[in-house]
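The following exercises are to be worked with the sequence and the model side by side. Each task is followed by a solution in steps.

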Amino acid sequence: MSTDLEIVVAFTTVATEKQAESLAKTLVTTALAACVQIDGPIRSFYLWPSESGENQQEESSEFRLSIKATKAQIDKIEQKLAELHPYEVPQWVVIQAQASHGYGDWIRNSKNPE
């Protein structure tokens with residue numbers, strides 16, 4: 001298993017499968033991400049400020065995108081999502097990952113040329 005921490009998995013969520021597919025296709029066709037997987041629908045429970053400013057418990061059905069990329073691409077992916085994401089405050093979580101040598105090489109070779 002490759003121990004370099006160059007490979008990352010990032011997560012975001014959107015409200016509809018169509019939104020998830022659109023983001024996934026954009027990230028892959030522009031070679032910002034090597035792979036994007038869509039899970040869902042999932043159920044999300046969270047606190048969100050109401051109009052009065054107090055946190056209110058919310059529940060929603062969402063689709064989760066798991067984005068595989070190199071650490072070098074992650075800022076570009078975040079910028080692209082800032083342009084396209086339908087949420088005012090999208091979930092954006094990035095985790096460094098270990099991958100097999102073959103899978104890690106595939107991700108590194110899938111990135112957008114500088």
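Helices (H or I, at least four residues) and strands (E, at least two) are DSSP runs, numbered from the N terminus. The model is a predicted one, in which local features need pLDDT of at least 70 and side-chain atom pairs count only at pLDDT 80 or more, while totals for chains, interfaces and linings use all residues. Residues are numbered from 1 along each chain as its sequence is written, and side-chain values use heavy atoms, with hydrogens and water left out.

**Exercise 1. Describe the surroundings of Q57.**

Step 1. Locate the residue: Q57 belongs to strand β3.

Step 2. Classify its accessibility. Buried means under 20% relative accessible area, exposed over 50%, and partly exposed in between (1.4 Å probe, protein chains only). Q57 is exposed because its relative accessibility is 61%.

Step 3. List its contacts, a contact being heavy atoms within 4.5 Å. When residues up to four places away in sequence are not counted, Q57 touches F45, Y46 and L47.

Step 4. Compare sequence with space. From Q57 to A82 there are 25 residues in sequence and, C-alpha to C-alpha, 25 Å in space.

**Exercise 2. How do strands β2 and β3 pair?**

Step 1. Apply the criterion: two strands pair if DSSP finds at least two bridges between them.

Step 2. Strand β2 (residues 35-49) and strand β3 (residues 55-70) run antiparallel and are joined by 13 bridges. One of the partnerships is that of P49 with N55 in β3.

Step 3. Examine the turn. The hairpin of β2 and β3 has five residues between the strands, and G53 adopts a positive phi near 95° there.

**Exercise 3. Find the salt bridges and place three of them in the fold.**

Step 1. State the rule: a salt bridge is a side-chain nitrogen of Lys or Arg within 4 Å of a carboxyl oxygen of Asp or Glu. Side chains of opposite charge can pair when their charged atoms come close.

Step 2. Searching the whole structure gives four salt bridges. Among them is the pair of D39 and R64, whose closest N and O atoms are 3.5 Å apart. Because D39 lies in strand β2 and R64 in strand β3, this pair ties together parts that are 25 residues apart in sequence. D39 is partly exposed at 32% relative accessible area, and R64 is partly exposed at 29%.

Step 3. Turn to helix α2. The salt bridge of K80 with E83 has its closest N and O atoms 3.6 Å apart. K80 and E83 are three residues apart in helix α2, so about one helical turn separates them. K80 is partly exposed, with 23% relative accessible area, whereas E83 is exposed, with 59%.

Step 4. Turn to helix α3. R108 forms a salt bridge with D105, and the closest N and O atoms are 2.9 Å apart. Both residues, R108 and D105, lie in helix α3, three residues apart, or about one turn of the helix. R108 counts as buried at 18% relative accessibility, while D105 is partly exposed at 37% relative accessible area.

**Exercise 4. Which geometry do the rings of Y103 and W106 have?**

Step 1. Recall the rule: rings of Phe, Tyr and Trp (its six-membered ring) pair if their centres lie within 6.5 Å; planes under 30 degrees apart count as stacked, over 60 as edge-to-face and the rest as tilted.

Step 2. This rule yields one aromatic pair. The ring centres of Y103 and W106 are 5.4 Å apart and the planes lie at 40°, so the pair is tilted.

Step 3. Place the pair. Y103 and W106 both lie in helix α3 (residues 101-109), three residues apart, about one turn of the helix. Y103 is partly exposed at 34% relative accessibility, and W106 is partly exposed at 38%.

**Exercise 5. Summarise the whole chain.**

Step 1. The protein chain has three helices and four strands. From the N terminus on, their order is β-α-β-β-α-β-α.

Step 2. The C-alpha trace spans about 50 × 25 × 25 Å along its principal axes, and buried residues make up 34% of the 114 residues.

Step 3. Of the contacts between residues at least 6 apart in sequence, 74% join residues at least 24 apart.
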